[in-house]
Structures are given as structure tokens and as C-alpha cells.
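Biologist: I should like a close look at a single part of this model, together with its surroundings. Please give each term its cut-offs where it first arises.

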Amino acid sequence: MIIKEGQVVKVISDLHIQANYEKSGFFYDDEGFLEKLKDLMSTSDLLVLNGDIFETYVHKNFPTKKSDADQVKEIVYDTYKKSFEYIFQNKEKVVLISGNHDDILHYAKYRKYIFGKDLERVRICRILNLEMQSQRGDRNVLVSHGDEKYYTASDLASKMLRAFI
């Protein structure tokens, strides 16, 4: 993805959105999250939701009997329906990067189950490569949630990431 000089990229990480937001550490209901998205996207050319967007990691603070895919589907289409519809409508300005608490997004079959007909309306990846173009020279910036278990030691991108993490 090419970012030209003067364009603004905002990166947000670790939202940990749950279907029951009152019990989670996420501060916004659907209306509040929608307003925050509108604000962030009105002042940027690209918004990156960098991993752990959804909380599907089960432990004592987040007990659930639902599958990870069903949890995310409920968040997207019920609890935060307006916010995610806004993301779908602004696909060109938003990228979702999966993390360790929503690693279900790594897998195509689950993405298809969760997003169904909307899958083409959302951009999801593990690592985002931004090609930053400027008069001072071009640079590549890799954006990742940082879960090293998905990289191999021989992967040049992994070695670069480890040098900066």
C-alpha cells in the first residue's frame, strides 16, 4: 500500500472489543465507537486497527461458551453494527490486522463465516506493508501486532521487526 508525503496514517491497537462491552475494558458502546471512528477517519488517510480488535481469548475475565467466530460475528453484526457498517462503507480508508486475541481472522474459512457477503467490504491482513513515498526517499514500514509465532527466523521481514520490537 502506497502512502504519499503528507498523508496521515493512524494506528490503533488492542481494542479488545467484546459483545458485552459493559464487562470489558472497551470504553465505547456502538454510538460512541462510531463517533470515534468518524473523528479518526476524518483526520487521516488510513486507519489501521492493529490486532486484538476483538476479544476472543477465553480466560477468567472473559468467560464465554460461544465459539470465537460466533463471538466476532455477534460484535460485528449486533453489538457494534453501526460502527462496522461504517468501516465497511469506508473500506479504502481502514485496514484490520489480526492479533493473538482475534487470531481467528488469520483463517479464510472463518473470515468468510464471520463476514459472509461483507467479506469483500473489509481488508484484513497479518502484516501491513506501507510504502512511504517522500522527497527525502522512499521507505517501507511494516505494521504488525507483533505476535512472533507467525514469523519464521529466515523471514527477512521478521528479522526487521525483531530489530525494532
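Modeller: Helix α1 lies across strands β2, β3 and β4, and runs at about 130 degrees to β3. Contact here means heavy atoms within 4.5 Å; axes are lines fitted to C-alpha atoms, for helices over the stretch in contact, with angles from 0 to 180 degrees between N-to-C directions. Helices (H or I, at least four residues) and strands (E, at least two) are DSSP runs numbered from the N terminus. The model is predicted, with local features requiring pLDDT of at least 70 and side-chain atom pairs counted only at pLDDT 80 or more, while totals for chains, interfaces and linings use all residues. Residues are numbered from 1 along each chain as its sequence is written, and side-chain values use heavy atoms, with hydrogens and water left out.

The sheet beneath this helix is open and has four strands in the order β2-β3-β4-β5, with parallel pairing; two strands pair if DSSP finds at least two bridges between them. Strands β2 and β5 form its edges, each pairing on one side only. Across the sheet, β2 and β3 are joined in the parallel sense by five bridges, and Ser13 has Asn50 in β3 as its bridge partner. Strand β3 (residues 46-50) is in turn parallel to β4, with four bridges between them, and Leu49 is placed opposite Leu96 of β4. On the other side, β4 runs parallel to β5 (residues 124-125) over two bridges, where Ile97 is partnered by Cys125 of β5.

Strand β4 (residues 94-97) deserves separate attention. Val94 and Leu96 point one way from β4, Val95 and Ile97 point the other way, and all are buried, that is, under 20% relative accessible area (exposed is over 50%, partly exposed lies in between; 1.4 Å probe, protein chains only). This may be set beside a general rule: in a regular strand the side chains alternate between the two faces of the sheet.

Between β2 (9-13) and α1 lies a loop that contains Asp14. The phi of Asp14 is near 60 degrees, a positive value in a residue other than glycine, and Asp14 is partly exposed at a relative accessible area of 36%. His16 belongs to the loop between β2 and α1 as well. Its phi is near 55 degrees, again positive in a residue other than glycine, yet His16 counts as buried, with 18% relative accessibility. As background, most residues other than glycine have a negative phi.

Within α1 (residues 30-42) sits Gly32, which is partly exposed with a relative accessible area of 22%. The C-alpha atoms of Gly32 and Tyr80 are 9.9 Å apart in space, although 48 residues separate the two in sequence.

A further long-range pair leads to helix α2. Asp78 is part of α2 and is exposed, at 55% relative accessibility. Its C-alpha lies 8.0 Å from that of Ala19, a residue 59 positions away in sequence.

Elsewhere in α2, the residues Ala69, Gln71, Val72, Ile75 and Val76 are buried. The buried residues of α2 pack against α3 (81-89) and α4. The axes of α2 (residues 68-79) and α4 (residues 108-115) come within 9 Å and cross at roughly 40 degrees. The two helices are therefore oblique to each other; angles under 35 degrees count as roughly parallel, over 145 as roughly antiparallel, 65 to 115 as roughly perpendicular, and the rest as oblique. Their crossing is right-handed, meaning that the near helix is turned clockwise from the far one by less than a right angle, anticlockwise being left-handed. On the α2 side, Ala69, Asp70, Val72, Lys73, Val76 and Tyr77 meet Tyr110, Tyr113, Ile114 and Phe115 of α4. By class, this contact has eight nonpolar, no polar and two charged residues (Ala, Val, Leu, Ile, Met, Phe, Trp, Tyr, Cys and Pro count as nonpolar; Asp, Glu, Lys and Arg as charged; the others, Gly among them, as polar).
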